[in-house]
Amino acid sequence: MSKSEPVGDGAARYPTAVTAADFRANLAAVRARIDAAAERAGREPGAVHLLPVSKTVPTERVRVAIGAGLRRLGENKVQEAVRKNRETADLDVDWVVIGHLQTNKARDVASFAAEFQALDRLRVAEALDRRLQAAGRSLDVYVQVNTSAEDSKFGMPPDELPGFLKALPSYGALRVRGLMTLALLTPDDARVRECFALLRTLRDRAREETPELIGDGALSMGMSGDYEIAVEEGATCVRVGQAIFGARAVPDSHYWPEG
């Protein structure tokens with residue numbers, strides 16, 4: 001599966017889910033592929049969590065998906081997440097922010113998010129902590145690492161991770177769960193695998209050197225085009241959008257990262 005495939009091919013691979021039955025079928029298919037990948041790697045399938053990502057999906061269809069059993073959804077853009085949180089306030093669903101955060105949006109994330117998976121700057125950590133402390137809340141976070149060495153990607157360079165982790169205990173409202181990354185947008189599976197393997201190596205090193213700073217040691221990595229490789233390389237959370245909701249009008253390279 002290539003993340004760089006043409007949009008037309010994506011539409012054929014990822015048909016749009018409209019009904020609750022559509023969503024249940026897509027979820028079952030993705031879950032089966034996750035479980036098979038875990039078994040190939042000698043892992044327990046239940047150790048891999050699936051985070052459905054509803055970015056760009058109209059709220060009407062998101063509500064159908066929630067009705068089909070989705071209880072935790074990821075959004076890339078804070079403004080879209082805020083709106084959908086408001087528009088689904090009558091439903092039982094948690095929202096996870098998985099995209100780049102500007103400090104002026106920290107108050108929004110602190111007000112409603114169940115989790116934030118793209119922490120990569122101390123300025124953001126400070127802004128979130130201040131807002132969370134004021135609200136009497138805490139927040140699970142993943143530290144985003146740029147494992148592809150692409151200038152277009154957010155996330156810190158791998159060599160900055162140890163120092164960043166050592167600074168985070170100063171922000172008491174943040175609970176570090178693990179690490180997150182985005183792989184290269186390429187059809188070359190070997191290069192994609194390298195990105196995921198690097199994140200696992202960084203996690204393992206942190207567990208050895210400063211286990212108290214890495215939380216559960218979770219690894220959030222893998223999207224619709226590469227989640228099976230991510231599971232084989234140790235992902236504990238995969239963020240899947242198109243394979244559940246259907247192809248978007250433009251490829252991931254347009255939406256992610258934002259900005």
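The following exchange concerns a helix pair and a pocket in a predicted model.

Me: Why are α3 and α4 called oblique to each other?

Reply: Helix α3 (residues 59-67) and helix α4 (residues 78-87) pack at an angle of about 60°, with their axes 11 Å apart. Angles under 35 degrees count as roughly parallel and those of 65 to 115 as roughly perpendicular. The angle of about 60° falls in neither range, and α3 and α4 are therefore oblique. In addition, α3 passes α4 in a right-handed crossing.

Me: Which residues of α3 and α4 meet, and what makes a pair of residues a contact?

Reply: Contact means heavy atoms within 4.5 Å. On the α3 side, Thr59, Val62 and Arg63 take part, and they meet Arg83, Lys84 and Glu87 of α4. By class, this contact has four charged residues, one polar and one nonpolar. Asp, Glu, Lys and Arg count as charged, so Arg63 in α3 and Arg83, Lys84 and Glu87 in α4 belong to that class.

Me: How many residues line the largest pocket, and which lie nearest its centre?

Reply: The lining of the largest pocket comprises 14 residues, and His49, Tyr142, Arg177, Thr236 and Cys237 are those nearest the centre. The pocket has a volume of about 210 Å³.

Me: Which elements give two or more residues to the lining of the largest pocket?

Reply: These elements are β1 (49-52) and β4 (115-119). Strand β1 supplies the largest share, three residues.

Me: What classes of residue make up the lining of the largest pocket?

Reply: The lining divides into six nonpolar, four polar and four charged residues. Tyr and Cys count as nonpolar, so Tyr142 and Cys237, two of those nearest the centre, are nonpolar.

Key: Residues numbered from 1 in each chain as written. Predicted model: local features only at pLDDT ≥ 70, side-chain atom pairs only at ≥ 80, totals over all residues. Heavy atoms only, no water. Axes fitted to C-alpha atoms, helices over the stretch in contact; angles between N-to-C directions. Helix = DSSP H or I, 4+ residues; strand = E, 2+ residues; numbered from the N terminus. Parallel < 35°, antiparallel > 145°, perpendicular 65-115°, else oblique. Left-handed = near helix turned anticlockwise from the far one by under 90°. 1 Å grid on protein atoms, 1.4 Å probe; cavity = no way out; pocket = protein on both sides within 12 Å on 5 of 7 lines; lining within 4 Å. Points joined across faces, edges and corners; volume = space filled by probe spheres on them.
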